[in-house]
Amino acid sequence: MKSKILLIGIDGLNLDTALENAPVLAALKEKGFFTTITIEPPTWSGPSWSTLLTGSTHEQHGVTDNSFTGHKLLHRPDLLSLAFYQDQNTTTFAAAGWPPLVDPIGHGPVIHERREQAKALRHRVLVRDGETYGYTQVDAEIAAAANYAISNHGPDVSFIYFCGVDEAGHAFGSIGEHYKGAIARIDAYLDTLLQAVHARASADEPWLVVVTTDHGHIDEGGHGGDSARERASFVVAHGVGRENPQWPQEFEPHQLVSLLLAERA
Ligand SMILES: [Zn+2]
């Protein structure tokens, strides 16, 4: 049976800090499949999310920084598009407040627009601009829209993205109360989304909930370099209405997409 996949991206999350301030994520890690992954530098959001979402190396997608100059994303379809190409009955949903991920106006988007499927209501995308309006507000809108979509549409493959933790890291560093507070806020959204999944999931509608991040933050706030802290990421994957996935304990960030697509086979 094909699983519905909910991939949740939390930008700039230091896992050790998260485990002390995010009880929902910590519990999900204990119940689910867990492994650490190591991000290829430079540890910018653009190349990292392009890799995690398209299953491509930096060389393949051509995204070297957050300007997206010279990107080859039109040749590197994202997880949602690939799932649709694999089975054209697939419904997809993406919600993000960092415009390059989803906004057709601008640098990307990493998640392809697929206008025909959007018109047919088989591909829904919520675009917000946290860079302009702030992620505290925008993440709340993302969470509410994702909760609605999961509850009412039950999309087959979703990507939900939160950036408030990264925003706090840049503004205040990654060891203080602002960063921890942002983690707790996103953890509450994770709880809401998990409740929406649990309300639907069954042996007839199995779900796989996956959480990851694109890079860490140094103590002072910031990333882009090749330190272990900046390169540290992880994958948590928890089955609801099904078993946890049998994934290898070691894989590269660009291999996540193929692992996810195999759960749709
Ligand atoms: Zn980032």
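**Exercise 1. Which residue in S5 is the bridge partner of Ala 95, and how do the strands around S5 pair?**

This is a predicted model, in which local features need pLDDT of at least 70 and side-chain atom pairs count only at pLDDT 80 or more, while totals for chains, interfaces and linings use all residues. Residues are numbered from 1 along each chain as its sequence is written.

Step 1. The bridge partner of Ala 95 in S5 is Ile 160; helices (H or I, at least four residues) and strands (E, at least two) are DSSP runs, numbered from the N terminus.

Step 2. Strand S3 (residues 92-96) pairs with S5 in the parallel sense over four bridges, where pairing requires that DSSP finds at least two bridges between two strands.

Step 3. Strand S1 (residues 4-10) is likewise parallel to S5, over six bridges, with Ile 8 bridged to Ile 160 and Leu 7 bridged to Phe 159.

Step 4. S1 also pairs with strand S6 (residues 207-212), in the parallel sense and over six bridges, and Leu 208 is the bridge partner of Ile 5 there.

**Exercise 2. Determine whether S5 and S1 are enclosed or open.**

Step 1. A residue is buried if 20 or more other C-beta atoms lie within 10 Å of its own, exposed if 12 or fewer, and partly exposed in between, with C-beta atoms placed from the backbone.

Step 2. Six of the six residues of S5 (residues 157-162) are buried, so this strand is largely enclosed by the rest of the structure; Val 157, Phe 159 and Tyr 161 point one way, and Ser 158, Ile 160 and Phe 162 the other.

Step 3. Seven of the seven residues of S1 are buried, so S1 too is largely enclosed by the rest of the structure, with Lys 4, Leu 6, Ile 8 and Ile 10 on one side and Ile 5, Leu 7 and Gly 9 on the other.

**Exercise 3. Locate the largest nonpolar core and describe the surroundings of Leu 193.**

Step 1. A nonpolar core is a set of buried Ala, Val, Leu, Ile, Met, Phe, Trp, Tyr and Cys residues joined through C-beta atoms within 7 Å; the largest has 69 residues, and Leu 6, Tyr 161 and Leu 193 are among those with the most contacts inside it.

Step 2. Helix H11 (residues 177-200) contributes the most to this core, namely ten residues.

Step 3. Leaving aside neighbours within four places in sequence, Leu 193 is in contact (C-beta atoms, placed from the backbone, within 7 Å) with Leu 6, Ile 8, Ala 146, Asn 147, Ile 150 and Ile 160.

How values were computed: Contact = placed C-beta atoms within 7 Å.
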